[in-house]
Amino acid sequence: MLASSSSTAISLHPLANYNASATPSLNPSSLSFSSSYSYLSPLSFRLHSSKTHLRITPKKGLRVSCSTNEPLKVMISGAPASGKGTQCELIVQKFGLVHISTGDLLRAEVSSGTEIGNKAKEFMNSGRLVPDEIVTAMVTVRLSRQDAKEKGWLLDGYPRSFAQAQSLEELNIRPDIYIVLDVPDEILIDRCVGRRLDPVTGKIYHLKNFPPESEEIKARLVTRADDTEEKVKSRLEIYKQNAAAISSTYSSITNKIDGNRPKEIIFKDIDSLLSQLLKDKTAKSVKPVLQTENCLDQASSNEEKWRGIPTRLNNIPHSREIRNYFYDDVLQATQRAVNDGRTRLKVEINIPELNPEMDVYRIGTLMELVRVIALSFADDGKRVKVCVQGSMGEGALAGMPLQLAGTRKILEFMDWGNYGAMGTFIKIGSIGAKEVDEEDDMFILVAPQNAVGNCIIDDLRAMTDAAGKRPVILINPRLKDLPGSSGIMQTMGRDKRLEYAASFESCYFFRLLYYAGTQYPIMGAIRMTYPYDYELYKRVDEPSGKEKYVSLSTFKERPTIDEINDAFLGKPRNKDKKASGIWGFLSGVF
Ligand code: AP5
């Protein structure tokens, strides 16, 4: 049991025992100036038309690459009559995905009198699930067809059991999003009993809710054999038995939607989720090239394997593919938040290379992250000011946190592409109201920190006041009150400072969890990308010597220590429990 010895408690202490030998040292982005500049240069920029992107890589000359524009892959789930088919009609109209409904496929087999149909019929008519092997074969064949690969797919009514979900996982078939329509039981029964289908157009009607448009249509409508009250109850029961097991497979991409509203309103929610996903995918397919070409192939294949979180995070320096995974993850979340009109944002990411408390902290990795975010917004036509706090006392470096010393100079020397972004779309500044110019569209603040005895909050507040509704994004801020030698920070305006620091909304959070005492190996991780839930992962060793991260749970708010404990111990959620025992010391951190 995890909690049975003191060495198994979790702490967020820095890694001490990392395996430095296992990764080739490709990352020159350390504080060492001589090596970092040569690495920082290969950032490319792109001139894009709708499909093809011209990438100009300063060190390598012109390179043309086609955007992959990978299509959407969507799963929709919900109880019988929750409105899956109805929403699918609307989704297909708008997004042109290939709709694969196992219910429709099976009904087609039944009405054609095929061998599959004859087998399926008795199960369907009694409201039971058709055996997995029949349905899975049908789905995988359909998914492998060219149209589904090209246009993307919308899977409706599959998977319906844990075994079906696992079959897809084994085949590496995974959706981008798992939509669950949530409707109270009593409504479902009425919807089923009143449902009618048009055998000519395939359109779904309801005698009360969506009556047919004409007498002619009304005359030809048919009722499904499984739409009696009794059969609906049994289908509902079976759905409930399976729902939790299936959703555990997709917890990190699940979006529950209230399905007890007018269908157009429900579709609005789905539309905005899918539109955002599409945007993200497009952005991903045109992200700046930060690696050599052969690395790209390797990276994408590994990302496939990671399924959410890269492995080998204890190997320092992180490989380029791992860094790129995080740059991209942070970028997507930040873009979503800014596109949603959020203006006070913070990114907190403490992989070993970005955790200033660790001996492996690399300012170059932080700079690269900032550059990816800044250039991406600049690429959308925004004028971005990247700001580092200046010294706050007498002398050039007085009051400057050690990690930030020299950072502004590095930013100025960095390669921002040879298309003149620096000085136009990208400007470098410091933190304070004076830095806010009329033409600036947004501000990225590099690791603002309270140095002992010097508080950045006043400058920061003045800056955000001046920025008004323009986005201000803090990257790895450390704004908590530190004890000052004079004691000033603890006393004057402390509440207000803390309140202000807390006013920045998290748009990205990633934190590794460690076992206390040992600080090795990694126990798990917490990840949140705006606007999704916090995901808790457990790191698991595999017999092959590899490792993987398994999703344990998701949380609307950042999980407390008790919630983490319970999830690791497999206990049900207990919101009233206070932090206690050998895991309790973590509560201070969260
Ligand atoms: P399937 O056809 O998938 O049935 P289901 O999951 O029970 O779902 P329904 O088709 O009944 O409902 P729906 O959510 O699509 O709702 P709809 O939009 O039509 O499966 C049938 C059978 O096939 C299963 O029982 C099983 O035997 C077998 N099967 C299928 N997949 C399988 C698998 N993977 N493994 C094993 N067996 C499998 O809407 C319902 C009604 O409500 C309509 O009248 C509609 O007009 C109305 N309505 C919709 N939205 C609204 C709204 N917002 N407000 C008011 N009314 C609404």
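How many residues of the shell around the ligand are nonpolar, how many polar and how many charged? I looked this up in what is a predicted model, and I found that the shell divides into 14 nonpolar, 10 polar and 11 charged residues.

**Entry: ligand contacts.** I noted that 35 residues surround the ligand, and that Thr86, Arg128, Arg160, Arg195 and Arg235 come nearest. For Arg160, an N or O atom of the side chain is 2.2 Å from an oxygen atom of the ligand, and for Arg195 a polar side-chain atom lies 2.5 Å from a ligand oxygen. With Arg128 I recorded a polar backbone atom at 2.6 Å from an oxygen atom of the ligand. The ligand taken alone exposes 1,000 Å², of which the protein buries 96%.

**Entry: where the shell comes from.** I traced the shell to helix H2 (84-95), helix H3 (102-112), strand E10 (204-206) and helix H11 (263-285), each of which supplies at least two residues, and the largest share, 4 residues, comes from H3.

**Entry: aromatic rings.** I searched the whole structure and found 5 aromatic pairs. In one of these, the ring centres of Phe326 and Phe510 are 4.8 Å apart and the planes stand at 70 degrees, so I logged the pair as edge-to-face. Because Phe326 lies in helix H13 (residues 320-339) and Phe510 in strand E17 (residues 505-515), the pair ties together parts that are 184 residues apart in sequence. Both Phe326 and Phe510 are buried, and ring pairs link them with Tyr325 into a cluster.

**Entry: charges over rings.** I found the charged end of Lys263 over the ring of Phe210, 4.3 Å from its centre, and Arg383 over the face of Phe425, at 4.9 Å from the ring centre.

Key
Residues numbered from 1 in each chain as written. Predicted model: local features only at pLDDT ≥ 70, side-chain atom pairs only at ≥ 80, totals over all residues. Heavy atoms only, no water. Near = heavy atom within 4 Å. Polar contact = N/O pair within 3.5 Å; in protein donor to acceptor, adjacent residues only side chain to side chain. Areas by Shrake-Rupley, 256 points an atom, 1.4 Å probe, with all protein chains shown as cover. Nonpolar A, V, L, I, M, F, W, Y, C, P; charged D, E, K, R; others polar. Phe/Tyr/Trp six-rings, centres within 6.5 Å; stacked < 30°, edge-to-face > 60°. Buried < 20%, exposed > 50% of the residue type's maximum accessible area, 1.4 Å probe, protein only. Lys NZ or Arg CZ within 6 Å of the ring centre and 35° of its normal.
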